[in-house]
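Me: I'd like to learn how labels such as "buried" or "salt bridge" are earned. Could we go through them one at a time?

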Amino acid sequence: MSDTSQRPQPVATAETRPFWDGAAEGVLCLRRCADCGRLAAPLAPRCVNCLGDVFKVETLSGRAQLKGRCVVHLQPLPGRDGPLVIVEAALHEDPRIVLIALDETGITETALPGAALRLGFGPVEGSHRFAMVLPPEDQG
């Protein structure tokens, strides 16, 4: 992997700040609607279920299911050489929420859609951590 200092850095908004604050701590956090209890995707300004705008931050398990993957062979981002594997993962807590993560170790290379994944965050790049597919936890 090459120098990542040129990688575009996210700009947190009111909606995405809990996600990025959790990422900085290495944990997956999303907002849950205080009125109806539904999880909100990171960019949602209101609850898609009841249109509520009051949320509480919740730490999630990181468990997910593989929805799809794409291998980018061109230079995908400044400071990162290809190929880059981008994964779509449906969260265990609410499969309607699909997050994008990087698979830098080939965990999903032979996985079929629906395979169990573990999401987390990689090392700090610039001033942020980005979602990654992590090796399965030891079952012993």
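Reply: Happy to! Keep in mind that this is a predicted model. Let's start with threonine 16, which lies in the segment before α1.

Me: Why is threonine 16 called buried?

Reply: Its relative accessible area is 6%. Buried means under 20%, so threonine 16 earns the label with its 6%. Leaving aside neighbours within four places in sequence, threonine 16 is in contact with Val11, Pro42 and Leu43.

Me: What makes the pairing of threonine 13 and threonine 16 a polar contact?

Reply: A polar atom of the threonine 16 side chain lies 2.8 Å from the backbone nitrogen of threonine 13. The cut-off for a pair of N or O atoms is 3.5 Å, and 2.8 Å is within it.

Me: What comes after that segment, and which residues of helix α1 are buried?

Reply: Helix α1 covers residues 17-25, and its buried residues are Pro18, Phe19, Trp20, Gly22 and Ala23. Their cover includes the strands β1, β3, β6 and β7. Just after the helix, glycine 26 takes a positive phi of about 85°.

Me: What makes the largest nonpolar core a core, and which of its residues have the most contacts inside it?

Reply: A nonpolar core is a set of buried residues of certain kinds, Phe and Leu among them, joined through side-chain atoms within 4.5 Å. The largest one here has 22 residues, and those with the most contacts inside it are Phe19, Leu28, Leu30, Leu91 and Leu119. Two or more residues each come from α1, β4, β5, β6, β7 and β8. The largest share, 4 residues, is given by β5. Take leucine 30 from that list: beyond its neighbours within four places in sequence, its contacts include Phe19, Leu39, Val57, Leu91 and Ile97.

Me: How do you know that arginine 32 and glutamate 58 form a salt bridge?

Reply: Side chains of opposite charge can pair when their charged atoms come close. For arginine 32 and glutamate 58, the N to O distance is 2.4 Å. The limit is 4 Å, so the pair at 2.4 Å qualifies as a salt bridge. Arginine 32 sits in strand β1 and glutamate 58 in strand β3, 26 residues apart, so the pair links distant parts of the chain.

Me: Why is arginine 32 called buried, whereas glutamate 58 is called partly exposed?

Reply: Arginine 32 has a relative accessible area of 19%, which is under the 20% cut-off, so it counts as buried. Glutamate 58 has 26%. Exposed means over 50%, and partly exposed is in between, so glutamate 58 with its 26% is partly exposed.

Me: What makes aspartate 94 and arginine 38 a salt bridge?

Reply: Their closest N and O atoms are 3.8 Å apart, and the cut-off is 4 Å, so this pair counts too. Aspartate 94 is in the loop between β5 and β6, while arginine 38 is in the loop between β1 and β2, 56 residues away along the chain. Both partners are buried: aspartate 94 at 5% relative accessibility and arginine 38 at 18%. Arg38, Asp94 and Arg96 are linked in a network of salt bridges. The structure holds 4 salt bridges.

Me: Why does threonine 108 count as buried, whereas alanine 111 counts as partly exposed?

Reply: Threonine 108 is in the loop between β6 and β7, and alanine 111 lies in the loop between β6 and β7 as well. Threonine 108 has 0% relative accessibility, so it is buried. Alanine 111 has 25%, which falls between 20% and 50%, so partly exposed is the right label. The side chains of threonine 108 and arginine 69 are joined by a polar contact of 2.9 Å.

Me: How do you know that the protein is as compact as a globular protein of its length?

Reply: The protein has 1 helix and 8 strands. Its radius of gyration is 16 Å, and the globule rule gives 14 Å for 140 residues; the two values are close, so the protein is as compact as a globular protein of that length. Of those 140 residues, 37% count as buried.

Notes: Residues numbered from 1 in each chain as written. Predicted model: local features only at pLDDT ≥ 70, side-chain atom pairs only at ≥ 80, totals over all residues. Heavy atoms only, no water. Buried < 20%, exposed > 50% of the residue type's maximum accessible area, 1.4 Å probe, protein only. Contact = heavy atoms within 4.5 Å. Polar contact = N/O pair within 3.5 Å; in protein donor to acceptor, adjacent residues only side chain to side chain. Rg over C-alpha atoms; globule rule 2.2 N^0.38 Å. Salt bridge = Lys/Arg side-chain N within 4 Å of Asp/Glu carboxyl O.
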